[in-house]
Amino acid sequence: MSETLERFSPQMRSVLRIVAALIFFAHGSQKLLGFPASDMSPDAFTLSWTAGVLELVGGGLLIIGLFTRPVAFVLSGLMAVAYWMAHAPQSPFPALNGGDAAILYCFVFLYISVAGPGPWSVDAAVRGRR
């Protein structure tokens, strides 16, 4: 069974990247575009607005798998900063401070920055043409 599942490891990297990026992208579109509807509407060039830009643009780039490694690395850092600035001061326990998703995003994006985008990506298509 292990050998059979191992064959799909590269494709599952792509699936992980796409699904995580889609959910992440939604956070940016909520902050900057008001969709899905939200009370969040940060002023331009504030910290929250900058995070929204990174979520929207970075999430979009990860969805298609373009510049995957550097973008994932930057987004991993964004989530580390978000955790330590917004969540950790509330409580040392992620289950209580609401930082579970920030931690998970941080390490998923860090993994993607090291492991790469998988075969279903613009990066892989460009690499295949060379």
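**Lysine 31, aromatic pairs and a nonpolar patch**

K31 is found in helix 2. The model is predicted. Helix 2 spans residues 9-33. K31 has a relative accessibility of 15% and therefore counts as buried, the limit being under 20%. The side chain of K31 makes a polar contact with that of E55, at 2.9 Å. E55 is also one of the residues that K31 touches, once residues up to four places away in sequence are set aside. The others in that set are M40, S41, P42, S48, A51 and G52.

Aromatic contacts were examined next. A pair of aromatic rings is described by the distance of the centres and the angle of the planes. The structure holds five aromatic pairs. One of them joins F24 and F109. The ring centres of F24 and F109 lie 4.9 Å apart, with 80° between the planes. This geometry is edge-to-face, because the angle is over 60 degrees. The pair links distant parts of the chain. F24 belongs to helix 2, as K31 does. F109 belongs to helix 6, which covers residues 100-115. F24 and F109 are 85 residues apart. Both partners are covered: F24 has 1% relative accessibility and so counts as buried, and F109, at 0%, counts as buried too.

The rings of F45 and W49 form a tilted pair, because their planes meet at 50°. Their centres are 4.6 Å apart. F45 counts as exposed, because its relative accessibility is 69% and the threshold is over 50%. W49 has a relative accessibility of 24% and so counts as partly exposed.

Aromatic residues also group beyond pairs. F24 and F109 join Y105 in one aromatic cluster. Y105 falls within the residue range of helix 6, as does F109.

The surface was considered last. F8, M12, V15, V19, L22, I23 and W120 make a nonpolar surface patch. The area of this patch is about 660 Å². Several of its members, including M12, V15, V19, L22 and I23, have numbers within the range of helix 2. F8 lies in the loop between helix 1 and helix 2. Helix 1 comprises residues 2-6. F8 has a relative accessible area of 42% and is therefore partly exposed.

Helix 2 thus recurs in these results. K31 is found in this helix, and F24 places one ring of the edge-to-face pair there. The loop that holds F8 adjoins helix 2 as well, since that loop runs between helix 1 and helix 2.

Notes. Residues numbered from 1 in each chain as written. Predicted model: local features only at pLDDT ≥ 70, side-chain atom pairs only at ≥ 80, totals over all residues. Heavy atoms only, no water. Phe/Tyr/Trp six-rings, centres within 6.5 Å; stacked < 30°, edge-to-face > 60°. Helix = DSSP H or I, 4+ residues; strand = E, 2+ residues; numbered from the N terminus. Buried < 20%, exposed > 50% of the residue type's maximum accessible area, 1.4 Å probe, protein only. Patch = residues over 30% accessible without salt bridge, like charges linked within 9 Å, V, L, I, M, F, W, Y side chains within 5 Å. Areas by Shrake-Rupley, 256 points an atom, 1.4 Å probe, with all protein chains shown as cover. Salt bridge = Lys/Arg side-chain N within 4 Å of Asp/Glu carboxyl O. Polar contact = N/O pair within 3.5 Å; in protein donor to acceptor, adjacent residues only side chain to side chain. Contact = heavy atoms within 4.5 Å.
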